[in-house]
Amino acid sequence: MNQDIPIYQKIAVDIAQRIVTGEFPIGAKISGRSMLAGGYKVSPETIRKAISMLKGAAVVAVSQGKEPLVLSALNAYTFVEENKNMESLYSLKERFSELLQQKRKLDMEMEGLFQEIIEHSNRFKDITPYNPIEIELSHQSYMVNKSIGETYFWQHTKSTVVAIRRKGQVVISPGPQERMDVGDRLVVVGTLEAISKAIAFIHSGQT
């Protein structure tokens, strides 16, 4: 079971399962708290909480000073199934958290890689005709609310959008369906002539 589920809940589910299988038949008394505690290697207080859960689900009856009495195998089965669903929910939350951490790590790695690309490009800008440049979109920019593909960006400018800086994140190699928004910073590469056309096209739609 998931480690986030309290130990007494796990024990309650196990006892309910033992009732379902007939190990604890209807009308039988479940061993005292000290014996259960020894069997599960937990404190009597943990066993008390587990029994209290089963009592609340009408799986067992508990009277003052007496051992728990098994009431219903059907309620025990329902209790087991409900807690299986709860365990699934815990598992989904845990998996989502793991994926979110992986995404954040990947975003950081991509940002680092992007910075390396920019640094290398700047280092060799004097010997290569393809210099990267960042162009920020304003409210008046032609590219706002349009995708790269529908503007035929490369056909008009002969330059390429290799990345987009957007609200602290970096979109590497954006596809033709990627839509632009105000504040986006387009990282464009091309010859000096192509870059000149790209700047004019991004802002006015003309080259």
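Q: In this predicted model, in what order do the four strands of the open sheet stand?
A: Let's start with the sheet, whose pairing is antiparallel. It is an open sheet built from four strands. Reading across it, the order is β3-β6-β4-β5.

Q: Which strands stand at the edges of the sheet?
A: An edge strand has a single partner strand, so one side of it is left without a neighbour in the sheet. Going from one strand to the next, the twist averages 25°. The strands at the edges are β3 and β5 (169-172).

Q: Which strands of the sheet does α6 touch, and what angle does its direction make with that of β3?
A: Helix α6 packs on the sheet. The strands it touches are β3 and β6. Its direction makes an angle with that of β3 of about 15°.

Q: How many bridges join β4 to β6?
A: Strand β4 covers residues 160-166 and β6 covers residues 185-189, and the two run antiparallel. You can follow the register in the structure: threonine 160 has valine 189 as its bridge partner, and valine 161 has valine 188. The number of bridges joining the two strands is five.

Q: Which residue in the turn between β4 and β5 has a positive phi?
A: β4 and β5 pair in the antiparallel sense over four bridges, and one of the bridge partnerships is that of isoleucine 164 with valine 171 in β5. The two strands form a hairpin with two residues between them. In that turn, the residue with a positive phi, of about 50°, is lysine 167.

Q: How are the rings of tyrosine 142 and phenylalanine 201 arranged: stacked or edge-to-face?
A: The count of aromatic pairs comes to two, and this is one of them. The ring centres lie 5.2 Å apart, which is within the 6.5 Å limit for a pair. Their planes stand at 70°, and because an angle over 60 degrees sets the class, the arrangement is edge-to-face.

Q: How many residues apart along the chain are tyrosine 142 and phenylalanine 201?
A: This pair links distant parts of the chain. Tyrosine 142 is in the loop between β3 (133-136) and α5 (153-157), while phenylalanine 201 belongs to helix α6 (residues 192-204). Along the chain, the two are apart by 59 residues.

Q: Which of these is buried and which partly exposed: tyrosine 142 or phenylalanine 201?
A: The cut-off for buried is under 20% relative accessible area. Phenylalanine 201, at 1%, falls under it and is buried. Tyrosine 142 has a relative accessibility of 28%, so it counts as partly exposed.

Q: Which lysine lies over the face of tyrosine 142?
A: Tyrosine 142 forms one aromatic cluster with Phe153 and Phe201. A lysine also lies over the face of the tyrosine 142 ring, at 4.5 Å from the ring centre. Elsewhere, lysine 158 lies over the face of tryptophan 154, at 5.1 Å from the ring centre. For tyrosine 142, the residue is lysine 146.

Q: Which helix gives the most to the largest nonpolar core?
A: This core has 20 residues, and those with the most contacts inside it are Ile15, Ile19 and Leu54. At least two core residues come from each of α1 (7-20), α2 (33-40), α3 (44-56) and α4 (73-123). With six residues, the helix that gives the most is α1.

Q: How many residues are in the other core, the one that includes Met143 and Phe201?
A: Leucine 54, setting aside its neighbours within four places in sequence, is in contact with Ala12, Ile15, Ala16, Val59, Val60 and Phe79. Apart from the core to which leucine 54 belongs lies another core. Met180 and Leu186 are also among its members. Its residue count is 15.

Q: Where is serine 72, and is it buried or exposed?
A: Serine 72 sits in the loop between β2 (69-70) and α4. Beyond its neighbours within four places in sequence, serine 72 is in contact with Ile19, Ile26, Ala58 and Val59. Its C-alpha atom is 5.3 Å from that of valine 59, 13 residues apart along the chain. With 15% relative accessibility, serine 72 counts as buried.

Key:
Residues are numbered from 1 along each chain as its sequence is written. This is a predicted model: local features need pLDDT of at least 70, side-chain atom pairs count only at pLDDT 80 or more; totals for chains, interfaces and linings use all residues. Side-chain values use heavy atoms; hydrogens and water are left out. Rings of Phe, Tyr and Trp (its six-membered ring) pair if their centres lie within 6.5 Å; planes under 30 degrees apart count as stacked, over 60 as edge-to-face and the rest as tilted. Buried means under 20% relative accessible area, exposed over 50%, partly exposed in between (1.4 Å probe, protein chains only). A charge sits over a ring if NZ of Lys or CZ of Arg is within 6 Å of the ring centre and within 35 degrees of the ring normal. A nonpolar core is a set of buried Ala, Val, Leu, Ile, Met, Phe, Trp, Tyr and Cys residues joined through side-chain atoms within 4.5 Å. Contact means heavy atoms within 4.5 Å. Two strands pair if DSSP finds at least two bridges between them. Axes are lines fitted to C-alpha atoms, for helices over the stretch in contact, and angles run from 0 to 180 degrees between N-to-C directions.
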